[in-house]
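Please open the model in your viewer, and keep the sequence beside it so that you can select residues by number. The tour goes from one selection to the next, and says at each stop what there is to find.

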Amino acid sequence: MATEQELSAFLKGVEKRAFKRSFFHVRDEDAALDIVQDSMLKLSQHYGDKPINELPMLFQRILSNSTLDWFRRQKTQKALFTHFSDLESSDDEGGFDWLETYATNADEAAARNVENLTERKQTLQSIEKEIQELPARQREAFLMRYWEEMDVAETAAAMGCSEGSVKTHCFRAIQTLSKALKAKGIEL
């Protein structure tokens, strides 16, 4: 049985990765945070007395189910209500000013460093955008296998499908990502 300290350490260890995975699915930071928090609460309330080695699989399954529940609620909500904020344009990008960033009198090495960081950030944003564009099951399999570093059997158990389905989803996700990134000139 997991002790309170083990459970706390486990939740702290999966928190950031679970948030990133949920964010890739729902594309909304607040919703992703809610999903992760709800999943953590459910795990601790209903399965906190399970052995520590069972917690990763249980948490992945709870997180997947919470994400699906969120999508179901959104579908129902969108069918019933119109959000006026969805109709507004979002011209304000958070106040980041490129001129301020590049208008410094730094030496050439610092400028190259900023250029490299900017290029890396743009590449990561492109990769994240392409991951978000994947179909839900492919995205879920891809993130579990390559982000969460789960093996095929664990991923299949968490997704509630066969190992062959996981392999197919991952293969298709990799092919789609590879093609999309190559089209943007990104070679990994």
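A salt bridge, a term needed at several stops, is a side-chain nitrogen of Lys or Arg within 4 Å of a carboxyl oxygen of Asp or Glu. This is a predicted model, in which local features need pLDDT of at least 70 and side-chain atom pairs count only at pLDDT 80 or more, while totals for chains, interfaces and linings use all residues. Residues are numbered from 1 along each chain as its sequence is written, and side-chain values use heavy atoms, with hydrogens and water left out.

**The whole chain**

Begin with a cartoon view, where you will find nine helices and zero strands; helices (H or I, at least four residues) and strands (E, at least two) are DSSP runs, numbered from the N terminus. Of the 188 residues in the protein, 30% are buried, where buried means under 20% relative accessible area, exposed means over 50%, and partly exposed lies in between (1.4 Å probe, protein chains only). Contact means heavy atoms within 4.5 Å, and among contacts between residues at least 6 apart in sequence, 67% join residues at least 24 apart.

**Helix α1**

Next select residues 4–26, which form helix α1, and look for a kink of about 40° centred on E15; the bend at a residue is the angle between axes fitted to the seven residues ending there and the seven starting there. The buried residues of this helix include L7, F10, L11 and V14, as well as R21 and H25. Just after α1, R27 takes a positive phi of about 60°.

Now show the side chains of K20 and E128, which form a salt bridge whose closest N and O atoms are 2.7 Å apart. This pair links distant parts of the chain, since K20 is in helix α1 and E128 is in helix α6 (residues 108–133), 108 residues apart. K20 counts as partly exposed because its relative accessible area is 24%, and E128, at 26% relative accessibility, is partly exposed as well.

Move on to R17 and E148, whose side chains meet in another salt bridge (3.8 Å, N to O). Here too distant parts of the chain are linked, with E148 in the loop between α7 and α8 and R17 in helix α1, 131 residues apart. Is E148 buried or exposed? At 11% relative accessibility, E148 counts as buried, whereas R17 is partly exposed, with a relative accessible area of 29%.

**E140 and its surroundings**

Select E140, which lies in helix α7 (residues 136–147) and counts as buried because its relative accessibility is 9%. Which residues touch E140, if its neighbours within four places in sequence are left aside? They are R21, H25, S64 and M159. If you also show R137, you can follow a network of salt bridges that links R21, R137 and E140.

**Helix α9 and its two partners**

Keep α7 in view and add α9, and you will see the two helices pack at an angle of about 95°, with their axes 8 Å apart. Axes are lines fitted to C-alpha atoms, for helices over the stretch in contact, and angles run from 0 to 180 degrees between N-to-C directions. The two helices are therefore roughly perpendicular to each other, on a scale where angles under 35 degrees count as roughly parallel, over 145 as roughly antiparallel, 65 to 115 as roughly perpendicular and the rest as oblique. Among the residues that meet here are F142 and Y146 in α7, and I174 and L177 in α9.

Then select helix α8 (residues 152–159) together with helix α9 (residues 163–183), which pack at an angle of about 100° with their axes 8 Å apart, so that α8 is roughly perpendicular to α9. V152, A153, T155, A156 and M159 in α8 meet E163, V166, K167 and H169 in α9.

**Last stops**

In helix α3 (residues 55–80), show R72 and D69, whose side chains meet in a salt bridge (3.0 Å, N to O). Because these residues are three apart in the helix, R72 and D69 are separated by about one helical turn.

Finish at E29 in helix α2 (residues 29–47), which is exposed, with a relative accessible area of 51%. Leaving aside its neighbours within four places in sequence, E29 is in contact with F19 and F23.
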